[in-house]
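User: I am new to reading protein structures, and I would like to learn how to go from a single residue to the wider picture. Could we work through an example together?

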Amino acid sequence: MFSPVSVIGGREDVRHLDPEAAVFDGMLTGWERQQLSRGLGRQTIKNNLSFMRRFMSFTGDYPWRWQAGDVEDFTASLLSRQPPLAHSTLRGYHVKIRSFCSFITDPGYEWAEECQQRFGTHPIQICHDRNTLHHLAEFEAKPAKRPFTYDELEAFFAHADRQVDRIVAAGKKGALAALRDAQIFKTIYAFGLRRTEAVMLDLPDLRSNPHNPQWGSFGTLHVRFGKAFKGGPPRRRTVLAVPEFDWALHGLRQWVEEARPRFGSRNSTALWITERSSRVTARHLDTRFAELRRELDLDQHLTLHSLRHAYVTHLVEFGYPERFVQEQVGHSYASTTAIYTSVSNDYKNRILAKALAKVYHPEQQGQHP
């Protein structure tokens with residue numbers, strides 16, 4: 001058990017110059033151990049501890065004197081920003097505060113007793129149903145977020161390709177990097193990848209599909225760094241190439257067989273490498289994507305993740321079964337896949353036309369011209 005004595009020392013044998021700060025640090029240390037025991041990632045734990053120090057700094061007091069009103073004041077201060085924080089971000093903050101308070105008020109950890117003996121008061125749970133945000137909707141992103149349209153995709157990829165020609169024509173360096181970036185974006189769209197999944201691909205992750213031998217070793221992608229459940233390792237999945245996106249496979253083959261070797265890297269197995277043979281970072285992709293979007297004057301709400309949204313939408317429009325789409329993108333629940341879908345009016349009109357035909361012209365069903 002992570003007791004106060006185990007992290008701050010006994011009251012008789014340890015004399016702290018600042019006992020309040022020592023107890024607070026001890027609480028954080030104990031909470032850190034608890035989170036480690038739950039299997040949370042190191043970076044997640046580091047962020048949680050940093051946030052609780054930030055919250056303590058806002059209140060100007062220690063946890064054993066926190067009140068429910070402190071949560072409300074903190075939330076109000078965040079909502080007063082321009083723009084205000086997203087609903088999901090605020091809810092995440094409330095979860096952190098609730099979790100920390102649950103730890104220090106749990107009788108099994110004896111922090112309440114320790115504080116009562118030292119300071120004459122004890123911590124309480126300051127988060128409750130009446131002052132915290134709830135997960136009321138499955139999709140909490142900003143409404144302006146949406147997938148690419150077909151025209152926007154065509155314009156974006158064409159513009160990325162033109163950067164290569166422009167650099168070559170100018171006789172400058174960087175043509176290979178521009179070719180690489182253009183192909184990364186196409187691969188993200190053609191396989192419905194998240195940014196981390198894309199940058200963490202290695203050459204051995206490119207595999208063949210026996211049902212489509214003409215694609216060679218580019219028929220499937222083995223994703224090893226999929227989005228993890230909280231406290232769990234990265235999830236793996238295999239994504240099949242589909243014929244509607246075979247144009248991206250040609251570019252991927254060109255990158256692997258012709259362009260990538262020209263970087264001169266023999267020690268790295270990373271699929272996307274830089275001139276220094278290091279792995280391309282997600283931050284670089286975000287920056288490069290924003291530059292291309294700005295140059296085309298596209299909707300600023302389109303993000304790199306919008307390519308993944310477009311992939312889901314377009315698979316649905318192509319008529320792929322819901323279960324297939326769900327497994328391709330690595331969603332545990334079909335409802336998660338559904339919130340990514342934003343089918344076009346043309347698709348909805350075709351579905352409506354089929355439904356009307358079944359009602360008004362049942363004799364034509366099953367007939368082929």
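**From one residue to the whole chain**

Analyst: Let us begin with one residue, Arg293, whose place is in helix H11, residues 282–296. Please keep in mind throughout that this is a predicted model.

User: Which side chain of opposite charge is nearest to Arg293, and how far away is it?

Analyst: Side chains of opposite charge can pair when their charged atoms come close. The nearest candidate for Arg293 is Asp299, at 7.4 Å, and Arg293 has no salt bridge although it is buried. A salt bridge is counted here when the nitrogen and the carboxyl oxygen lie within 4 Å.

User: What does the side chain of Arg293 reach instead, and which residues does it touch?

Analyst: The side chain of Arg293 reaches the backbone oxygen of Leu302 at 2.6 Å. Leaving aside residues up to four places away in sequence, Arg293 touches Phe156, Leu298, Asp299, Gln300 and Leu302.

User: How many salt bridges does the whole structure hold, and where do Asp205 and Arg224 sit?

Analyst: A search of the whole structure finds 18 salt bridges. In one of them the side chains of Asp205 and Arg224 meet at 2.8 Å, N to O. This pair links distant parts of the chain, since Asp205 lies in the loop between helix H9 and strand E1, whereas Arg224 belongs to strand E2, 19 residues apart. Asp205 is buried, with a relative accessible area of 3%. Salt bridges that share partners also join Arg180, Asp181, Arg288 and Glu291 into one network.

User: Are the partners in a salt bridge buried or exposed, if I take Arg194 and Glu197 as my case?

Analyst: Both Arg194 and Glu197 are buried, and their closest N and O atoms are 2.5 Å apart. Asp61 and Arg65 form a salt bridge at 2.8 Å, N to O, but there Asp61 is partly exposed, with a relative accessible area of 25%, and Arg65 counts as partly exposed at 32%.

User: How should I read a helix, and why is H12 said to be largely enclosed?

Analyst: One can compare the span of a helix with its expected length and then ask which residues are covered. The 14 residues of helix H12, residues 305–318, should span 20 Å at 1.5 Å a residue, and the end C-alpha atoms are 20 Å apart, which agrees. Because 11 of its 14 residues are buried, H12 is largely enclosed by the rest of the structure. The buried residues include Arg308, His309, Tyr311 and Glu317. After H12 comes Gly319, whose phi is positive, near 95°.

Note on methods
Residues are numbered from 1 along each chain as its sequence is written. This is a predicted model: local features need pLDDT of at least 70, side-chain atom pairs count only at pLDDT 80 or more; totals for chains, interfaces and linings use all residues. Side-chain values use heavy atoms; hydrogens and water are left out. Helices (H or I, at least four residues) and strands (E, at least two) are DSSP runs, numbered from the N terminus. The expected span of a helix is 1.5 Å times one less than its number of residues. Buried means under 20% relative accessible area, exposed over 50%, partly exposed in between (1.4 Å probe, protein chains only). Lys and Arg count as positive and Asp and Glu as negative; His and the chain ends are not counted. A polar contact is a pair of N or O atoms within 3.5 Å; within protein, one must be able to donate a hydrogen and the other to accept it, and residues adjacent in sequence count only if both atoms are side-chain atoms. Contact means heavy atoms within 4.5 Å.
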